[in-house]
Amino acid sequence: MGVPALLVYGVSELCHWAAWLCLLYLLYKASKLFLTWRELIAAFRPFQGPPRHWLYGNAHEFHGDGKDLEVITGYAEQYPYAYPLWLGNFFASLTICHPDYAKAILSRQDPKENFGYYFITPWIGKGLLVLSGQKWFQHRRLITPAFHYDVLKPYVRLMSDCTNTMLDKWEKLVPKQKPVELFHYVSLMTLDSIMKCAFSYESDCQNDSESAYIKAVYDLSYLADYRFCCLPYHNDIIFHLSPHGFRFRRALKTAHQHTDTVIKERKQSLKDYTELEKIQQKRHLDFLDILLCAKDENGQGLSDEDLRAEVDTFMFEGHDTTASGISWTLYCMAKHPEHQEKCREEIREVLGERNTVEWEDLGKMPYTTMCIKESMRLYPPVPGVARELSQPITFCDGRSLPKGAVVLLSIYAINRCPSVWEDPEVFDPMRFSPEQSKRHSHAFLPFSAGGRNCIGQNFAMNELKVAIALTLQRFQLHPDPENEPLKLAQLILRSVNGIHLNLKRIERGESL
């Protein structure tokens, strides 16, 4: 046999073995998928749920057209405690839509399910939002002092300044008599606010939204949501090679460089001020001060990597979620003018001619606070949270789930649970009056509950009150009937087509 023949024979043998190896690999993967399918079938057997397609599962019911949340609540009416939802035939989660089931889950310390947060982890790192176990507990304990009311007090004036900057921009749009899309402006305002409050950083992002860092934050938020909704982009390789993946990495580099610079500069400025009391004599404390000075019982602080993760996590959680809450609350005020006017009367009594909210004012607006809570019941900024069970669980009705099962708490559906809320689709702020405060402890979950509840909820509520009060003091809000928002449940509650309102400037002393 000549050399060419030997080469042909060698190549043929190589191809033969490669084909066998590919076949064995495919058989291995198929076996794993089959076992996964059997485990899921066994895990969710006690729970009835909507019929599933042989290929798509229930995924084909969701189109991102503004009606997906109605599908969720429709299923919740059929299966009132919980039901499995299948994405294809190899991933399923138990969707929880009743407070009893929510309480059972949130009273535990199960880690957050990684799928939803996987796409933002390259940006926010392993911070409080995605950590679990002992490291989560350590971070939570170190960060908690950053949300003490003494730290939050000076933020209220800064929030007022940022809100007034936004409202000044809206005043220029009123003469054009065109509906204003709120979310863009509100998101820039909350970003401006969080940078001033948490990092004492003057970004001027409301007037200069073209700065590299602001564009990077916007790109990262948008691309993480886009990837979440685009099935092919769930694959790391496909996303990495795509134009969106390139844009994401470029924004990521810009955002991380900015965060690193802010931390480095603050470390340098605090060299002579290692104690919080000394810093406070110089200026108000902020989130970054407390992170840099925080020490555990062994005298250990956060590493540079952990610092950046917590800063980026707070940037992500603190501006988009609050922007969603403010925007949807203003929409509710526009849809319900009688409640809008009651809030305005209350705000006028508290603020008078002032256009700045003070810390002491926040507790003097009970009706406005009830309207904010009712708005967040109907339009929760975070429509759902997921957990992966670290141990088996048995629910109040005797049904069980094994370790490793994924549960999705649909906050949107729980906040509309008809066995808890009378006429759940009706906007009724009196649900949150002191006389009607007795309800299930887990019926209203805008900030989740239990040990892993939102650490920044007081910060967010303060900013909501400031923004709503100053907006209603200056503008009368009307809906845009030709452009009703279409709800879009992503990591936060958005609208497919934005949130558009008509604004009318209220002159000082004008009676409506």
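**Figure 1. Contacts across the protein chain of the predicted model.** Take contacts between residues at least 6 apart in sequence: 73% of them join residues at least 24 apart. The protein chain holds 19 helices and eleven strands. Its radius of gyration is 26 Å, close to the 24 Å that the globule rule gives for 512 residues, so the chain is as compact as a globular protein of that length. Along the principal axes, the C-alpha trace spans about 100 × 60 × 55 Å.

**Figure 2. Burial, surface and charge of the protein chain.** Of the 512 residues, 51% are buried. The chain exposes about 24700 Å². Carbon and sulfur atoms supply 56% of that area. The protein chain carries 58 positive and 62 negative charges. The mean positions of the two sets are 3 Å apart.

**Figure 3. Helix 12, residues 243–269.** This helix has 27 residues. From first C-alpha to last, helix 12 reaches 39 Å, close to the 39 Å expected at 1.5 Å a residue. Its buried residues include the histidines His244, His256 and His258. Phe248, Leu252, Val262 and Ile263 are also among them, as are Gly245, Ala251, Ala255, Thr259 and Arg266. The buried residues of helix 12 pack against several other helices. Among these partners are helix 9 (182–199), helix 10 (212–229) and helix 15. Helix 5 (121–124), helix 11 (236–241) and helix 14 (287–293) are partners too.

**Figure 4. Serine 324 in helix 15.** Helix 15 covers residues 304–335, and serine 324 lies within it. Serine 324 counts as buried because its relative accessibility is 0%. Leaving out residues up to four places away in sequence, serine 324 touches Phe183, Pro381, Ile492 and Leu493. Helix 15 also appears in the previous view, as a packing partner for the buried residues of helix 12.

**Figure 5. Tryptophan 136 in helix 6.** Helix 6 runs over residues 133–143 and includes tryptophan 136. The relative accessible area of tryptophan 136 is 7%, so this residue is buried. The cut-off for buried is under 20%. Which residues does tryptophan 136 touch, not counting residues up to four places away in sequence? They are Gln109, Leu128, Leu131, Gly451 and Arg452.

**Figure 6. Tryptophan 136 and tyrosine 185.** In sequence, these two residues are 49 residues apart. In space, they are 33 Å apart, C-alpha to C-alpha.

How values were computed: Residues are numbered from 1 along each chain as its sequence is written. This is a predicted model: local features need pLDDT of at least 70, side-chain atom pairs count only at pLDDT 80 or more; totals for chains, interfaces and linings use all residues. Side-chain values use heavy atoms; hydrogens and water are left out. Helices (H or I, at least four residues) and strands (E, at least two) are DSSP runs, numbered from the N terminus. Buried means under 20% relative accessible area, exposed over 50%, partly exposed in between (1.4 Å probe, protein chains only). Contact means heavy atoms within 4.5 Å. The radius of gyration is taken over C-alpha atoms; the globule rule is 2.2 Å times the number of residues to the power 0.38. Accessible areas come from the Shrake-Rupley method with a 1.4 Å probe; for residues, only the protein chains shown count as cover. Lys and Arg count as positive and Asp and Glu as negative; His and the chain ends are not counted. The place of a charge is taken as NZ of Lys, CZ of Arg, CG of Asp or CD of Glu. The expected span of a helix is 1.5 Å times one less than its number of residues.
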